[in-house]
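Grab a pencil and work through these exercises with the model open beside you. Try each task before you read its solution.

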Amino acid sequence: MIVQRINTGLQRVPTWPLYILYLMPVPWLLYLAQTGGLGREPIKALEHELGEIALQLLILGLAVSPLRRYVGINLMKFRRMLGLLTFIYVALHLLVWVVLDMSLLWGQMWADIWKRPYITVGMAGFLALIPLAITSNNISVRKMGASTWRKLHKLTYLAAILGGLHYLWLVRGIQFEPMIYMAVILGLLALRLHKRKAPQRV
Amino acid sequence: MANRWTNTLKESDVTPEAAFLNRRQIIAGAAAGLGLGSIGGAAFAKTEALTPSDYEDITQYNNFYEFGTGKTDPAANAHTLVTNNWTVKIDGMVDKPGEYAFEDIMKAMTIEERIYRFRCVEAWSMVIPWNGFELADMLNFAGVQSGARYVAFETALRPDEMPGVRFPVLDWPYVEGLRLDEAMHPLTMMATGIYGKDIPNQNGAPLRLVVPWKYGFKSIKSIVRVTLTDQEPPTSWNKANGREYGFYSNVNPEVDHPRWSQASERPVGGGLFTKRVPTLMMNGYAEEVADLYAGMDLTKNY
């Protein structure tokens with residue numbers, strides 16, 4: 001079967017080159033920002049690009065288990081990578097905000113985190129990802145036990161909703177792109193609401 | 001009534017771009033020299049030398065949602081706007097209502113150059129050398145009747161020429177308004193050029209409002225209708241979200257947008273390491289316009 005062939009093929013793909021591949025946009029975006037490729041206001045553009053890539057990675061990560069369950073394609077071995085890359089891009093997005101966008105104006109940033117819902121929500125999403133990034137290794141799974149680890153990693157769902165809201169809340173007027181991201185996130189979460197049937201033999 | 005306002009950088013002639021560039025270096029040098037002796041408040045005094053933004057920054061980083069919501073969409077799409085045979089309907093409480101040809105308005109007006117700060121509600125800013133005339137002159141040209149208290153403005157709505165209006169981002173056409181005293185203020189102008197050239201479509205050709213002490217969205221572009229009225233007119237962003245955008249929308253570092261701070265702004269055009277600068281009360285024009293709002297609570301009338 002074609003799905004089986006895909007799965008066998010995927011098992012042969014090593015993950016480390018994918019890390020490099022997925023991190024390529026970082027130097028590329030920095031190069032563009034310096035050379036005018038990101039337009040007249042490269043700070044906002046860079047911030048938005050990094051945030052959008054983070055959301056896309058988060059969505060890819062959320063798609064892994066529905067893909068296995070409903071389509072049969074097994075991307076489980078890439079899920080940790082997708083999660084860690086999400087964290088890296090969110091962290092870079094935050095770093096650009098703190099250093100380049102807000103010029104290290106700590107007072108104004110602190111006020112914004114508490115007073116601006118979209119920043120509050122974005123920051124909460126980042127905080128939710130920290131324990132997940134720290135425990136994204138085999139030692140943590142072993143130490144915590146698989147079921148506790150799995151419970152903790154359900155925080156991904158919260159982070160995804162917060163990430164989608166963060167984008168939705170920051171645009172002015174009615175714009176479709178953030179709505180599409182939010183719809184995809186909610187759709188992928190809704191697929192998980194189905195009660196898991198008894199495991200079937202394939 | 002023209003030439004009621006000048007700033008320290010006012011040139012008597014329309015300044016070619018090269019002269020601006022040349023002068024900017026002189027200003028930068030002078031500012032650096034002054035900086036040593038005036039660390040602190042004086043750096044943002046009214047007489048501060050304004051360095052005009054690059055022509056490319058002014059014309060390639062725009063909010064003009066009729067051509068798309070991206071900052072580069074207007075520059076990419078606005079070429080489709082036909083500005084030939086442009087007319088402006090001036091109606092309502094005026095002595096001489098009518099459909100005025102743009103050329104006829106221009107013939108009756110005195111064109112001058114004004115270098116103004118421009119502060120977007122999104123917390124970015126530029127300095128723009130506009131060419132145009134005082135709005136007061138155009139209103140007097142049509143004859144304002146005594147009962148009029150407000151001026152309403154309307155942008156062209158042309159779905160065939162404006163790809164952005166297919167989407168309900170805002171309730172089209174874009175509309176704006178001013179109180180009559182704001183409209184008659186010497187600072188308030190109708191711009192028809194930038195850097196001595198005809199104003200590009202993406203900046204609101206052939207004529208747009210410029211109210212330098214208010215957030216940029218008040219300065220409505222590509223105007224086809226001006227109506228004198230005794231009622232406060234509806235304004236587009238206020239209709240879309242009244243909690244975030246008031247009728248006045250004066251630049252005010254002490255009154256935040258509900259979703260972000262207005263205390264600081266980032267000048268566009270400085271690249272990746274541009275520092276934020278403090279936003280000035282009324283965008284630096286407080287001295288000129290404070291009287292208009294005497295006794296008003298600016299946190300309520302935002």
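Helices (H or I, at least four residues) and strands (E, at least two) are DSSP runs, numbered from the N terminus. This is a predicted model, where local features need pLDDT of at least 70, side-chain atom pairs count only at pLDDT 80 or more, and totals for chains, interfaces and linings use all residues. Residues are numbered from 1 along each chain as its sequence is written, while chains are lettered from A and ligands numbered from 1 in the order in which they are written.

**Exercise 1. Find B:Pro206 and B:Pro173, and work out what kind of peptide bond leads into each.**

Start with B:Pro206, which sits in the loop between strand 8 (197–198) and strand 9 (208–210) of chain B. Now check the bond from B:Ala205 into B:Pro206: it is cis, with omega near -5°. Next, go to the loop between strand 5 (150–155) and strand 6 (175–179) of chain B, where you'll find B:Pro173. B:Trp172 and B:Pro173 are joined by a cis peptide bond, with omega about -5°.

**Exercise 2. Count the secondary structure elements of both chains, then decide how compact chain A is.**

Chain A first: it has 11 helices and zero strands. Its radius of gyration (taken over C-alpha atoms) is 18 Å, close to the 17 Å that the globule rule gives for 202 residues, so chain A is as compact as a globular protein of that length. That rule is 2.2 Å times the number of residues to the power 0.38. For the overall dimensions, the C-alpha trace of chain A spans about 55 × 40 × 35 Å along its principal axes. Chain B, in turn, has eight helices and 12 strands.

**Exercise 3. What share of each chain is buried, and where are the nonpolar cores?**

You need a cut-off first: a residue is buried if 20 or more other C-beta atoms lie within 10 Å of its own, exposed if 12 or fewer, and partly exposed in between, with C-beta atoms placed from the backbone. On that count, 26% of the 202 residues of chain A are buried. For chain B, the figure is 43% of 302 residues.

Now link up the cores. A nonpolar core is a set of buried Ala, Val, Leu, Ile, Met, Phe, Trp, Tyr and Cys residues joined through C-beta atoms within 7 Å. The largest one has 63 residues, and B:Leu135, B:Val151, B:Phe153, B:Met190 and B:Leu209 have the most contacts inside it. Another core, of 32 residues, lies apart from it and includes A:Ile43, A:Leu60, A:Tyr89 and A:Leu100.

**Exercise 4. Describe how helix 6 and helix 7 of chain A meet.**

Two packed helices are described by the angle between their axes and the distance between the axes. Here the axes are lines fitted to C-alpha atoms, for helices over the stretch in contact, and angles run from 0 to 180 degrees between N-to-C directions. For helix 6 (residues 106–115) and helix 7 (residues 117–134) of chain A, the axes come within 5 Å and cross at roughly 90°. That makes helix 6 of chain A roughly perpendicular to helix 7 of chain A. The scale: angles under 35 degrees count as roughly parallel, over 145 as roughly antiparallel, 65 to 115 as roughly perpendicular and the rest as oblique.

Then list who touches whom, where contact means C-beta atoms, placed from the backbone, within 7 Å. Helix 6 of chain A brings A:Asp112, A:Ile113 and A:Trp114, and helix 7 of chain A brings A:Ile119, A:Thr120 and A:Met123.

**Exercise 5. Which elements of chain B give two or more residues to the side that touches chain A?**

Begin with the totals: 26 residues of chain B are in contact with 21 residues of chain A. On the chain B side, the elements giving two or more residues are helix 2 (55–60) and strand 11 (264–267).

**Exercise 6. Compare the settings of B:Asn3 and B:Tyr195, two residues with positive phi.**

B:Asn3 is not a glycine, yet its phi is about 60°. You'll find B:Asn3 in the segment before helix 1 (17–37) of chain B, and with 13 C-beta neighbours inside 10 Å it counts as partly exposed.

B:Tyr195 has phi near 55° and lies in the loop between strand 7 (189–194) and strand 8 of chain B. With 21 C-beta neighbours inside 10 Å, B:Tyr195 counts as buried.

Conventions. Contact = placed C-beta atoms within 7 Å.
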